[in-house]
Amino acid sequence: MNLVSNNLVDLAENLRGLGISPTKQRIAIGEVIFSRNQHISAEQILEKVQKADASVSKATVYNTLNLFVEKKIVRELIIDRSKVFYDPNTDFHHHIYNVDTGEIRDISAESLSVTGLPELPSGVQLEGADVVIRVRSKPVESAVSV
Ligand SMILES: [Zn+2]
């Protein structure tokens, strides 16, 4: 389910359909996340939500994000321990991450294939094999003197 660009009535309706009670705070958080395709951190979400409603606490934002991830309407993208982003695009896809600028871009699932997965331990099944390609900006070439 992709909730990006849902209007508010639909958002509340969709949350209800997933068994999530559409509280004012959850709607405010959903509004920020689903406003467009983006990769947004919990801190950025908190900042935006609090601009609209200062009563929304950090704990509420984190709890709501966990709930949205659990219900698979938001995907958690862990770049490293200190960089976790939330992605409203839950279709299977990969990412390019620029370590210099922090920019994250989507790569379509078709443009990259993961082959040669190792044999999985017994008792588990594959959940996904999504890839983060890390890049850095090329050094600026000094002007060529003639
Ligand atoms: Zn993405």
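1. Angles between helices are sorted by size: those under 35 degrees count as roughly parallel, those over 145 as roughly antiparallel, those from 65 to 115 as roughly perpendicular, and the rest as oblique. Helix α2 (residues 24-33) and helix α4 (residues 58-70) pack at an angle of about 70 degrees with their axes 10 Å apart, and α2 and α4 are therefore roughly perpendicular to each other. The axes here are lines fitted to C-alpha atoms, for helices over the stretch in contact, and the angles run from 0 to 180 degrees between N-to-C directions.

2. This is a predicted model, in which local features need pLDDT of at least 70 and side-chain atom pairs count only at pLDDT 80 or more, while totals for chains, interfaces and linings use all residues. Residues are numbered from 1 along each chain as its sequence is written.

3. The chain has four helices and six strands, and reading along the sequence gives the pattern α-α-β-α-α-β-β-β-β-β. Helices (H or I, at least four residues) and strands (E, at least two) are DSSP runs, numbered from the N terminus.

4. On overall form, the chain has a radius of gyration of 18 Å, whereas a compact globule of 146 residues would have one near 15 Å. The radius is taken over C-alpha atoms, and the globule rule is 2.2 Å times the number of residues to the power 0.38. Along its principal axes, the C-alpha trace of the chain spans about 65 × 50 × 25 Å.

5. Which residues bring α2 and α4 into contact? Gln-25, Arg-26 and Ile-29 in α2 meet Thr-60, Val-61 and Thr-64 in α4, where contact requires C-beta atoms, placed from the backbone, to lie within 7 Å.

6. Buried residues make up 16% of the 146 residues in the chain. A residue is buried if 20 or more other C-beta atoms lie within 10 Å of its own, exposed if 12 or fewer do, and partly exposed in between, with C-beta atoms placed from the backbone.

7. The largest nonpolar core has 17 residues, and those with the most contacts inside it are Ile-29, Ile-33, Ile-45, Val-49, Val-74 and Tyr-86. The elements that give two or more residues to this core are α1 (8-17), α2, α3 (42-52), α4 and β3 (83-87), and α2 gives the most, with four residues. Such a core is a set of buried Ala, Val, Leu, Ile, Met, Phe, Trp, Tyr and Cys residues joined through C-beta atoms within 7 Å. Leaving aside its neighbours within four places in sequence, Tyr-86 is in contact with Ile-33, Ile-40, Ile-45, Leu-65, Val-74 and Glu-76.

8. Is Thr-101, in the loop between β4 (93-98) and β5 (104-108), buried or exposed? Thr-101 is exposed, with 10 other C-beta atoms within 10 Å, and its C-alpha atom is separated by 7.9 Å from that of Ser-137, which is 36 residues away along the chain. Lys-24 is found in helix α2 and is exposed, with 10 other C-beta atoms within 10 Å; Lys-24 and Gln-38 are 14 residues apart in sequence and 22 Å apart in space, C-alpha to C-alpha.

9. Lys-72 deserves a separate look. Lys-72 lies in the loop between α4 and β2 (75-80), and its phi is near 60 degrees, a positive value in a residue other than glycine. Most residues other than glycine have a negative phi. With 10 C-beta neighbours inside 10 Å, Lys-72 counts as exposed.

Definitions and conventions:
Contact = placed C-beta atoms within 7 Å.
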